[in-house]
Amino acid sequence: MKRRKEYCFSRSLLNLIIQTHLPSISLARSYQDTDTGPRLNNTNYHISISHSHGVIAVAVASEPVGIDIEHIQPRKNLAELANMFMAPEELDGFLGAEMESRLFSFYEEWASKEAIFKSLERKQQYGLGLSDIRQIDFVRSGSLIRTTSCLNNQFVLSVALRAESLSY
């Protein structure tokens with residue numbers, strides 16, 4: 001039931017954004033999933049939605065976009081989980097970090113990779129694991145990634161804006 005509420009509220013938030021910033025777009029069935037990801041119908045606008053623990057994030061952009069929000073919470077098996085989605089060089093940096101910064105670092109990396117993944121075309125996503133995604137490659141391609149803590153440092157928010165020429 002909670003996930004259903006987050007889903008409904010996220011669509012309401014998207015509709016509010018459309019009404020406020022893109023008033024020429026019809027609200028009824030204004031978005032659809034395409035091979036290049038969710039888009040506003042009959043426009044060049046891409047959308048991305050994320051929700052976690054009652055917090056909703058929505059991105060609308062003229063380039064492929066991905067957004068992810070993660071609730072920061074302690075985990076007993078942080079290193080094991082990091083090993084599942086971080087590339088070896090990322091894992092080395094994570095394990096070398098001081099204990100108090102590891103939790104934020106873990107969620108920062110996770111949210112960044114999720115946002116990048118969401119910004120990719122469906123055919124690029126197929127068979128791609130988070131450990132295959134490297135932020136440095138994403139940025140070198142001309143794409144942008146921005147990750148920050150928010151809401152009293154209880155959440156990590158990441159937005160990825162993909163350059164059209166990126167290929168994984």
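**Close-up 1. Tyr107 and its contacts in the predicted model.** Leaving aside residues up to four places away in sequence, Tyr107 touches Glu70, His71, Ile72, Gln73, Arg75 and Val156. Tyr107 also turns up in the next view, as a member of the largest nonpolar core.

**Close-up 2. The largest nonpolar core.** This core holds 21 residues. The ones touching the most other members are Ala82, Phe85, Met86, Phe94, Phe106, Tyr107 and Trp110. Look for helix 2, helix 3, helix 4 and strand 7 (155–161) here, as these are the elements that give two or more residues to the core. Helix 4 chips in the most, with 6 residues.

**Close-up 3. The two sides of helix 3.** Helix 3 runs over residues 88–96, and its buried residues are Glu90, Leu91 and Phe94. Seen down the helix axis, these buried residues fall within an arc of 100°, so they line one face of helix 3. They pack against helix 2 (78–85), helix 4 (99–119) and helix 6 (135–140). Flip to the face turned away from the buried side and you meet the exposed residues Pro88, Asp92 and Gly96.

**Close-up 4. Stepping back to the whole chain.** The protein has 6 helices and 7 strands, arranged along the sequence as α-β-β-β-β-β-α-α-α-α-α-β-β. Its radius of gyration is 17 Å, close to the 15 Å the globule rule gives for 168 residues, so the protein is as compact as a globular protein of that length. The C-alpha trace spans about 50 × 35 × 25 Å along its principal axes, and 41% of the 168 residues count as buried.

Note on methods:
Residues numbered from 1 in each chain as written. Predicted model: local features only at pLDDT ≥ 70, side-chain atom pairs only at ≥ 80, totals over all residues. Heavy atoms only, no water. Buried < 20%, exposed > 50% of the residue type's maximum accessible area, 1.4 Å probe, protein only. Helix = DSSP H or I, 4+ residues; strand = E, 2+ residues; numbered from the N terminus. Arc of directions from axis to C-beta. Contact = heavy atoms within 4.5 Å. Core = buried A, V, L, I, M, F, W, Y, C linked by side-chain atoms within 4.5 Å. Rg over C-alpha atoms; globule rule 2.2 N^0.38 Å.
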